[in-house]
Amino acid sequence: MNVMTPMDQAGTHVWQGAAASAQADRDHDRVGLLSPGELDRASLLAPDTARLYLASHVATRRILAGYLDRDPAELQLGRRVCPQCADPLHGAPAVSWPRTTLSFNLTASGGSWLLAVTHGQPLGVDLAIASGTDPERAAPLALTAQELDRLHRLTDPQLRRALFLRAWTRKEAVVKAVGVGLVTDLRQIEVAPERPGPVRVRFGVGSSPREWTVQDLPLGPGRFAAVARPAPAAGRVQLCEYSDQALYALAPLSSQAAIAA
Ligand SMILES: CC(C)(COP(=O)(O)OP(=O)(O)OC[C@H]1O[C@@H](n2cnc3c(N)ncnc32)[C@H](O)[C@@H]1OP(=O)(O)O)[C@@H](O)C(=O)NCCC(=O)NCCS
Ligand SMILES: [Zn+2]
């Protein structure tokens, strides 16, 4: 069992879980925690995607509720205002109620999900699975000229895929932290994928931060993930396996005075 240490002012917790797991089976009986909007969205998805969506959203509500010391069903999840077009409906997801400095970002791929949580600052997280990725097709649409050059210097297909996915997850973590998503031209964002990281990445829209510290997450073979936090990021990023036990060990943020008055 992982025990999460209390989150300091700048620290970040990244929770991980899977749709095919004993915990997700237990959570299947908890889908009543979700809002009508979440249930409607799940009903429109293909079965495997719906399963992952439901598992990740039940977990998200339970984890956030753990920090906030609330009932998961009573949380209201909404959106931040989009920094690009000021639309209130498609910025980064946020807790609308209760009022809090807590912020989070979710990513799901290949049957797994990650939920990054911090407070007092925006953050973005992205997960990608190596199988099924074709860097030759996607790279010209997503990499800067310098990154493409690095890619083309590699001859081993596995290393090429790894470099591409490291670049991709770093970029997506940043555009999710900013809240604009993939409408951005990713060829404008340099993430130095040849370097192990953490790396500093420059990208901002409107009043968002302009510079990010981006850190790769060690998830094991074939899985690539990155988390982006405003630079200079302080405090460590702690990975935690989602389970009832880990959740019960979580210290509510309210006990750390993180809920805004
Ligand atoms: C956000 C986005 C990058 C996610 O891509 P994806 O391949 O589905 O990737 P992930 O699994 O990593 O992330 C999904 C999660 O990102 C979060 N998310 C959604 N919109 C987001 C945004 N604008 N910023 C940050 N995070 C966002 C949600 O929690 C979502 O999970 P959910 O669908 O289960 O609710 C992509 O959907 C996108 O670019 N959407 C368009 C955003 C938009 O409308 N921009 C307009 C700007 S004018
Ligand atoms: Zn917008």
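A residue is taken to be near a molecule if one of its heavy atoms lies within 4 Å of it. In the predicted model described here, 22 residues are found around ligand 1, and those that come nearest are His57, Thr107, Lys176, Gly179 and Leu182. By class, this shell is made up of 10 nonpolar, seven polar and five charged residues. Three elements, namely α3 (47-68), β4 (102-109) and α6 (157-178), each supply at least two residues of the shell, and β4 gives the most to it, with four residues.

Polar atoms of the protein approach the ligand from both the backbone and the side chains. On the backbone, an N or O atom of His90 lies 3.0 Å from a nitrogen atom of ligand 1, while a polar backbone atom of Ala108 is 3.0 Å from an oxygen atom of the ligand. Lys176, which is among the residues that come nearest to ligand 1, places a polar side-chain atom 2.9 Å from an oxygen atom of the ligand. Ligand 1 exposes 900 Å² when taken alone, and 74% of that area is buried by the protein.

The site occupied by ligand 1 is the largest pocket, which has a volume of about 1,000 Å³. Its lining comprises 39 residues, of which Arg41, His57, Arg79, Pro93 and Leu106 lie nearest the centre of the pocket. The elements α2 (36-43), α3, β2 (76-79), β4, β6 (124-129) and α6 each give two or more residues to this lining, and the largest share, seven residues, comes from α3. Thus β4 gives the most to the shell around the ligand, whereas α3 provides the largest share of the pocket lining. By class, the lining of the largest pocket has 18 nonpolar, 14 polar and seven charged residues.

The second largest pocket holds about 170 Å³ of space, and its lining includes Arg80, Val81, Pro83, Ala92, Pro122, Ala177 and Val178, together with Gly179, Ser207, Ser208, Pro209 and Trp212. By class, eight residues of this lining are nonpolar, three are polar and one is charged. Gly179, which belongs to the lining of the second largest pocket, is also listed among the residues that come nearest to ligand 1.

With 30 Å³ as the lower limit, one cavity is counted in the model, and about 50 Å³ of space lies in it. The residues that line this cavity are Arg80, Ala92, Ser103, Phe104, Asn105, Pro122, Leu123, Lys176 and Ala177. Two or more residues of the lining are given by each of β4 and α6, and the largest share, three residues, comes from β4. By class, five of the lining residues are nonpolar, two are polar and two are charged. Lys176 therefore takes part in the lining of the cavity as well as in a polar contact, a pair of N or O atoms within 3.5 Å, with ligand 1.

Some features of the backbone also deserve mention. Most residues other than glycine have a negative phi, and most peptide bonds are trans. A cis peptide bond, with omega at about 0°, joins Trp97 and Pro98, and Pro98 is placed in the loop between β3 (93-97) and β4. Another cis peptide bond, between Ala231 and Pro232, has an omega of about -5°, and Pro232 is found in the loop between β9 (223-230) and β10 (237-241). Asp69, although not a glycine, has a positive phi of about 60°, and its place is in the loop between α3 and β2.

Key. Residues are numbered from 1 along each chain as its sequence is written. Chains are lettered from A and ligands numbered from 1 in the order in which they are written. This is a predicted model: local features need pLDDT of at least 70, side-chain atom pairs count only at pLDDT 80 or more; totals for chains, interfaces and linings use all residues. Side-chain values use heavy atoms; hydrogens and water are left out. A polar contact is a pair of N or O atoms within 3.5 Å; within protein, one must be able to donate a hydrogen and the other to accept it, and residues adjacent in sequence count only if both atoms are side-chain atoms. Accessible areas come from the Shrake-Rupley method with a 1.4 Å probe; for residues, only the protein chains shown count as cover. On a 1 Å grid over the protein atoms alone, a cavity is a set of points where a 1.4 Å probe fits but cannot get out, and a pocket is an open set with protein on both sides within 12 Å along at least five of seven lines; lining residues have an atom within 4 Å of a point. A molecule sits in a cavity or pocket if more than half of its atoms lie within 2 Å of its grid points. Ala, Val, Leu, Ile, Met, Phe, Trp, Tyr, Cys and Pro count as nonpolar, Asp, Glu, Lys and Arg as charged, and the others, Gly among them, as polar. Grid points are joined across faces, edges and corners, and a volume is the space filled by probe spheres set on the points.
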